[in-house]
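Open the model in your viewer and keep the selection tool at hand. We will go from stop to stop, and at each one you will hear what to select and what to look for.

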Amino acid sequence: MSPTVEKDDPAQYQGRTLARPKVQGDYPTHIYLSFDIPPFFRTLVKEAQADLPELHSLLDSPSNNQPPTDQAELDTPKRDKEKETKLHVSLSRPLYLRADRKSAVEASLRDVVRTIKSFPLSFSTLSVFKNDDNTRTFLSIDVGAGFPELEVLTESLNKSLDKHHLPPYYTSPRFHTSIAWALLTPSSNPSSHLPKSTLIPSIQHDRSNKPDQKSFPSIEGIPPDLVKKLDEKFGDRIRKEGPWLVDEVVCSYKGMTEIARHVLG
């Protein structure tokens, strides 16, 4: 019997689409670090939204009815409060485990994490990222202190993932935490004639002649001038904040419905 594949409905996630369809029996998995949010980070995001209203905050709690923040969370509408009220620094791509492999992979990751000593981490400058399929852009903050230690950690995690035939993290990664996102205008549109903000239609296909269509605002990108302006105002505070102690690695499964914490050695 073939596993059940669920239909993708961008209307549930403010216009975003799944990079991979939901498959029954899969364990969508994400490996990351988790930190408390300095209050002024939210002020930073609000100022960014004042100039660019299409931005959505990643720092709001579930009470504000925020959507999932990454592919791992998109795989299920049920989310965990802890992650949505924390900063996170990704240490893996979105991973997909079969149920019968979850325990073995988790044990392997736990063994790797135990070989790494805890270390301090802080953040440095504002930056911009895009997801792999160029459908979203992110306002982010790069990691400063702790970067070499994260390289060692992810290299060890990659070796463990490879043993289970899972994809490694990015080559030459730029470790960061994302604080806001926006939909990107589809690259198929003629960019030379696009305004700053465009509406992307999301159609719920019901095989009728009049599908339910809802549009979501999108942008061509986060303007460099905005990033510079925010960094000039908040950069010194960002660099003075912390450091945070990295003493555990978090693994979320099934869109945050299960969480495992692995303590560093």
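Start by selecting Pro148, Lys159, Asp162 and Lys163: these residues of helix 5 are exposed. Now add Leu150, Leu153, Thr154, Leu157, Asn158, Ser160 and Leu161, which are the buried residues of helix 5. Turn the view until you look down the axis of helix 5: its buried residues fall within an arc of 165°, so they line one face of the helix. The exposed residues you picked to begin with are on the other side. Why can residues spread along a helix share a side? An α-helix has 3.6 residues a turn, so residues three or four places apart point the same way.

While helix 5 is on screen, try the distance tool. This helix has 17 residues, and from its first C-alpha to its last it reaches 25 Å. That is close to the 24 Å expected at 1.5 Å a residue.

Before you go on, keep in mind that this is a predicted model. Colour it by pLDDT: the chain averages 79, and 70% of the residues score at least 70. Where is confidence lowest, and where is it highest? Helix 2 (residues 71–74) is the low point, with a mean of 40, while strand 5 (residues 119–121) is the high point, at 98. Select residues 188–198 as well: the pLDDT there is below 50, and the stretch has 18 contacts in the model beyond near neighbours in sequence. Residues 200–213 also have a pLDDT below 50, with 25 contacts in the model beyond near neighbours in sequence.

Next, pick a single residue, leucine 157, in helix 5. Is leucine 157 buried or exposed? Its relative accessibility is 0%, so leucine 157 counts as buried. Show what surrounds this side chain: leaving aside residues up to four places away in sequence, leucine 157 touches Ile31, Leu91, Leu109, Val112 and Val113. Then find proline 168, eleven residues from leucine 157 along the chain; their C-alpha atoms are separated by 8.0 Å.

Among those neighbours of leucine 157 are Leu109, Val112 and Val113, which lead us to helix 4. Select its buried residues: Lys102, Val105, Glu106, Ser108, Leu109, Val112 and Val113. They cover an arc of only 160° around the axis, which puts them on the same side of helix 4. What covers them? Show strand 1 (26–35), strand 4 (95–98), helix 5 (147–163), strand 12 (248–253) and strand 13 (258–263), which are included in the cover. The distance tool works here too: the twelve residues of helix 4 (residues 102–113) should span 16 Å at 1.5 Å a residue, and the 17 Å between its end C-alpha atoms agrees.

Go back to helix 5 and follow the chain out of it to histidine 165. This residue lies in the loop between helix 5 and strand 8 (176–184). Its phi is near 60°, a positive value in a residue other than glycine. At 75% relative accessibility, histidine 165 counts as exposed. For another positive phi, select asparagine 134, where the value is near 55°. Asparagine 134 lies in the loop between strand 6 (123–130) and strand 7 (136–143), and is partly exposed, with a relative accessible area of 44%.

Now show the aromatic rings. The count comes to eight aromatic pairs. One of them is formed by phenylalanine 40 and phenylalanine 234, stacked at 6.5 Å centre to centre with 10° between the planes. This pair links distant parts of the chain, with phenylalanine 40 in helix 1 (residues 39–51) and phenylalanine 234 in helix 6 (residues 224–240), 194 residues apart. Both phenylalanines are buried. Add arginine 237 to the view: its charged end sits over the ring of phenylalanine 40, 4.1 Å from the ring centre. Elsewhere, the charged end of arginine 136 sits over the ring of tryptophan 181, 5.9 Å from its centre. Also select Phe147, Tyr169, Tyr170 and Phe175, which form one aromatic cluster.

For the last close-up, select proline 243, in the loop between helix 6 and strand 11 (244–246). The peptide bond from glycine 242 to proline 243 is cis, with omega near 5°.

Finally, zoom out to the whole chain, which has six helices and 13 strands. Of its 265 residues, 49% are buried.

How values were computed. Residues numbered from 1 in each chain as written. Predicted model: local features only at pLDDT ≥ 70, side-chain atom pairs only at ≥ 80, totals over all residues. Heavy atoms only, no water. Helix = DSSP H or I, 4+ residues; strand = E, 2+ residues; numbered from the N terminus. Expected span 1.5 Å × (residues − 1). Buried < 20%, exposed > 50% of the residue type's maximum accessible area, 1.4 Å probe, protein only. Arc of directions from axis to C-beta. Contact = heavy atoms within 4.5 Å. Phe/Tyr/Trp six-rings, centres within 6.5 Å; stacked < 30°, edge-to-face > 60°. Lys NZ or Arg CZ within 6 Å of the ring centre and 35° of its normal. pLDDT = per-residue confidence, 0-100.
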